[in-house]
Amino acid sequence: MQEGPQPLDIDELLRQLAALTKTPGLDQQAAERVGTALDAAAQSVRQATTGTASSAATPARQQAVDALSELGVPANPALIAEFCRAYFGSELAPRALASIRRDELRAYRAKSSTRSMWVVPALTTQLMPARGYLALSSWPAWLRIHGTRSARVDVLRVLLVLLDRLAGLRAASSEVLRSSREQQRARISDLVVKLGIGVPGLDHRIDPATAREAIQDELDQLAPKDRAERDAAAAVLSTLDEEQRLFGRTDQ
């Protein structure tokens, strides 16, 4: 049985391009063409792996959707912006998200959008919009609700996401990818330390094993009560009309 094509190894491709410039007997003009191709490839990899392409090319809404999809929990604009910088290497000003909830509600009410997913406010247990927190309409109702313990529970879950990303950053053989991954590692590490104040293993030196154990211990204590509170509110939310289920009550 013939195996399918193997995934492209970008590191190996860049290494081979670099080696071509040193091929014996290669004339100067050909060497320059290969060098130019290598530079172009390196730039493309740098943009793809660190997000250094202009963030203006990606609308703030899409950056918020991408960040929330990776975070997996409600977040405020400041955290979304910090996550975009650490995870994607893109710059997003929190103020760019200031009107997003209002814009989404206006578009929803216009009934002219073909969107299958909305950036919506996280909801309090009273089902009012939670001040400053954004969520995705595709999430289950309980996850879009922000209870009394949710802020801490969600930060702990974000820390696990970031630690997983750090663990997944493999060593790179090419200089370009090595540099970009080290930059991303540094950005993510800085955010882990910032969010992980008080968590054993997350200070100026990150100890993943210690941190994961401490995070899981705290989640074991907080998450069940947090989920019960969210589920209770979600049961009430299910009785409301669609707009209120997505954007919350405005009558209290």
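1. Start with what packs over helix H5. In this predicted model, the cover on the buried residues of H5 includes helix H3 (60-71), strand S1 (119-123), strand S2 (129-136) and helix H9 (242-247). The residues being covered are Ile100, Glu104, Ala107 and Tyr108, the buried ones of H5 (residues 100-110). They sit on the same side of H5, because the arc they cover around the axis is only 100°. Note that a glutamate, Glu104, is among these buried residues.

2. Now the other side of that helix. Arg102 and Arg109 are exposed, on the face of H5 turned away from its buried side. After H5 comes lysine 111, with a positive phi near 60°.

3. H3 is worth a look too, as one of the elements covering H5. Its buried residues are Gln63, Ala64, Val65, Ala67, Leu68 and Leu71. Their cover includes helix H4 (77-88), H5, S1, S2 and H6, so H3 and H5 each turn up in the cover of the other's buried residues. On geometry, the 12 residues of H3 reach 16 Å from the first C-alpha to the last, close to the 16 Å expected at 1.5 Å a residue. Just after H3, glycine 72 has a positive phi of about 80°.4. My pick of the charged pairs is the one inside helix H8 (residues 208-237), where aspartate 226 is found. The side chains of arginine 230 and aspartate 226 meet in a salt bridge, 2.9 Å from N to O. About one helical turn separates arginine 230 and aspartate 226, because they are four residues apart in helix H8. How buried or exposed are the two partners? Arginine 230 has a relative accessible area of 0%, which means it is buried. Aspartate 226 is buried as well, at 1%. The pair is part of something wider: salt bridges with shared partners join Asp154, Arg157, Asp226 and Arg230 into one network.

5. What does aspartate 226 touch, leaving out residues up to four places away in sequence? Its contacts there are Arg149, Ser150, Val153 and Arg157. Arg157 also belongs to the salt-bridge network just mentioned.

6. Arg149 has a salt bridge with glutamate 229, and the closest N and O atoms are 3.9 Å apart. This pair links distant parts of the chain, 80 residues apart: arginine 149 lies in the loop between S2 and helix H6 (150-168), and glutamate 229 lies in helix H8. If you rely on this bridge, keep the cut-off in mind: a pair counts when the nitrogen and oxygen are within 4 Å. Both ends are partly exposed, arginine 149 with a relative accessible area of 31% and glutamate 229 with 21%.

7. Another pair to look at is glutamate 91 with arginine 85, whose closest N and O atoms are 3.3 Å apart in a salt bridge. Arginine 85 counts as partly exposed, at 41% relative accessibility. Altogether, the count comes to 14 salt bridges.

8. Finally, confidence. The protein averages a pLDDT of 83, and 74% of the residues score at least 70. Two stretches to flag are residues 1-8 and residues 49-55. For residues 1-8, pLDDT stays under 50 and the model has one contact beyond four places in sequence. For residues 49-55, pLDDT also stays under 50, but the model has 19 such contacts. Where pLDDT is low, the predicted coordinates should not be read in detail.

Note on methods: Residues are numbered from 1 along each chain as its sequence is written. Side-chain values use heavy atoms; hydrogens and water are left out. Helices (H or I, at least four residues) and strands (E, at least two) are DSSP runs, numbered from the N terminus. Contact means heavy atoms within 4.5 Å. pLDDT is the predictor's confidence in each residue, from 0 to 100. Buried means under 20% relative accessible area, exposed over 50%, partly exposed in between (1.4 Å probe, protein chains only). The arc is that of the directions from the helix axis to the C-beta atoms. The expected span of a helix is 1.5 Å times one less than its number of residues.
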